Amino acid sequence: MNISIVVAISQNNAIGKNNQLLWHLPADLKHFKEITSGNCIIMGRKTYDSIGRPLPNRRNVVITRNTALKIEDVEIVTSLEDAISLCENEKEIFIIGGAEIYKEALALTDTIYLTTVHQHYDADAFFPEIKSEDWLEIDSESHKADEKNKVDYTFSTLKRR
């Protein structure tokens with residue numbers, strides 16, 4: 001089983017503010033869908049709330065402290081370890097946020113699918129520092145802003161060294 005993180009960060013590692021994304025990049029949403037479709041996705045409850053529904057064609061697992069929480073078409077667990085155990089028969093599982101889940105999952109992660117948004121943003125949620133001695137970039141694809149995507153961005157794939 002490969003444990004992967006999928007994340008979009010700004011140049012200052014910002015990922016969100018007030019439980020919302022900081023930018024609208026249709027190309028990144030498409031990229032996210034292509035990577036995660038047909039797989040198990042693990043997220044925190046606040047990330048689930050910001051999405052507002054289970055993502056289609058994916059096994060949705062939500063981590064929450066609220067043991068009474070029930071969401072149709074979503075599997076509820078109380079820890080990252082339980083979420084990973086639930087998906088242990090999957091070839092690859094995807095951690096999709098938020099900040100606390102990323103922080104906890106980073107040490108367990110084999111691959112990071114990283115979108116870097118080439119701008120600084122005011123935020124209240126940040127991705128942990130990616131240390132170059134721990135990660136090797138194996139793929140990178142840069143894109144300029146266009147009529148649909150208003151800021152430059154880069155898709156990268158990082159593998160643990």
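How many of the 161 residues in the chain are buried, as a percentage? I looked this up first, and buried residues turn out to make up 48% of the chain. A reminder to myself: this is a predicted model.

**Entry: the overall fold**

I went through the secondary structure and found four helices and ten strands. Reading from the N terminus, I wrote down the order β-β-α-β-α-β-β-α-β-α-β-β-β-β. The radius of gyration came next: it is 15 Å, close to the 15 Å that the globule rule gives for 161 residues, so the chain is as compact as a globular protein of that length. I also noted the span of the C-alpha trace along its principal axes, about 45 × 35 × 25 Å.

Then I turned to contacts between residues at least 6 apart in sequence, and 64% of them join residues at least 24 apart.

**Entry: surface and charge**

I have the accessible surface down as about 8,900 Å², with 47% of it belonging to carbon and sulfur atoms. For charge, I listed 19 positive and 25 negative side chains. The centres of these two sets lie 3 Å apart.

**Entry: the cores**

Which residues have the most contacts inside the largest nonpolar core? My list reads Ile5, Val7, Ile42, Leu80, Ile95, Ile112 and Phe127, in a core of 26 residues. I then checked which elements supply at least two residues each, and these are β1 (2-10), β3 (40-44), β4 (59-63), α3 (80-86), β6 (92-95), α4 (99-105) and β7 (111-117). Strand β1 gives the largest share, four residues. A general point to keep beside this: in soluble globular proteins, nonpolar side chains tend to be buried together.

I followed Phe127 a little further. Leaving aside neighbours within four places in sequence, Phe127 is in contact with Ile5, Val7 and Ile9, with Asn13 and Ile15, and with Tyr102 and Leu106. Apart from this core I found another, of 13 residues, which includes Val6, Phe32, Val74 and Tyr113.

**Entry: the cis peptide and Thr47**

Where is the cis peptide bond? I found it joining Gly97 and Gly98, with omega at about 0°. Gly98 sits in the loop between β6 and α4.

Both glycines came up again when I looked at Thr47, in helix α2 (residues 45-51). Not counting residues up to four places away in sequence, Thr47 touches Asn19 and Ile96 as well as Gly97 and Gly98. Is Thr47 buried or exposed? With a relative accessible area of 13%, Thr47 is buried, because the cut-off for that label is under 20%.

**Entry: two asparagines with positive phi**

Asn19, one of the residues Thr47 touches, deserved a look of its own. Asn19 has a positive phi of about 60° although it is not a glycine, and Asn18 has one of about 55°. I placed Asn18 in the loop between β2 (14-16) and α1 (26-36), and Asn19 also lies in the loop between β2 and α1. As for accessibility, Asn18 is exposed at 58%, whereas Asn19 counts as partly exposed at 35%.

**Entry: Asn66**

My last stop was Asn66, in the loop between β4 and β5 (75-77). I recorded a relative accessible area of 39% for Asn66, which makes it partly exposed. I also took the distance to Ile138, 72 residues away along the chain: the two C-alpha atoms are separated by 39 Å.

How values were computed:
Residues are numbered from 1 along each chain as its sequence is written. This is a predicted model: local features need pLDDT of at least 70, side-chain atom pairs count only at pLDDT 80 or more; totals for chains, interfaces and linings use all residues. Side-chain values use heavy atoms; hydrogens and water are left out. The radius of gyration is taken over C-alpha atoms; the globule rule is 2.2 Å times the number of residues to the power 0.38. Buried means under 20% relative accessible area, exposed over 50%, partly exposed in between (1.4 Å probe, protein chains only). Contact means heavy atoms within 4.5 Å. Accessible areas come from the Shrake-Rupley method with a 1.4 Å probe; for residues, only the protein chains shown count as cover. Lys and Arg count as positive and Asp and Glu as negative; His and the chain ends are not counted. The place of a charge is taken as NZ of Lys, CZ of Arg, CG of Asp or CD of Glu. A nonpolar core is a set of buried Ala, Val, Leu, Ile, Met, Phe, Trp, Tyr and Cys residues joined through side-chain atoms within 4.5 Å.
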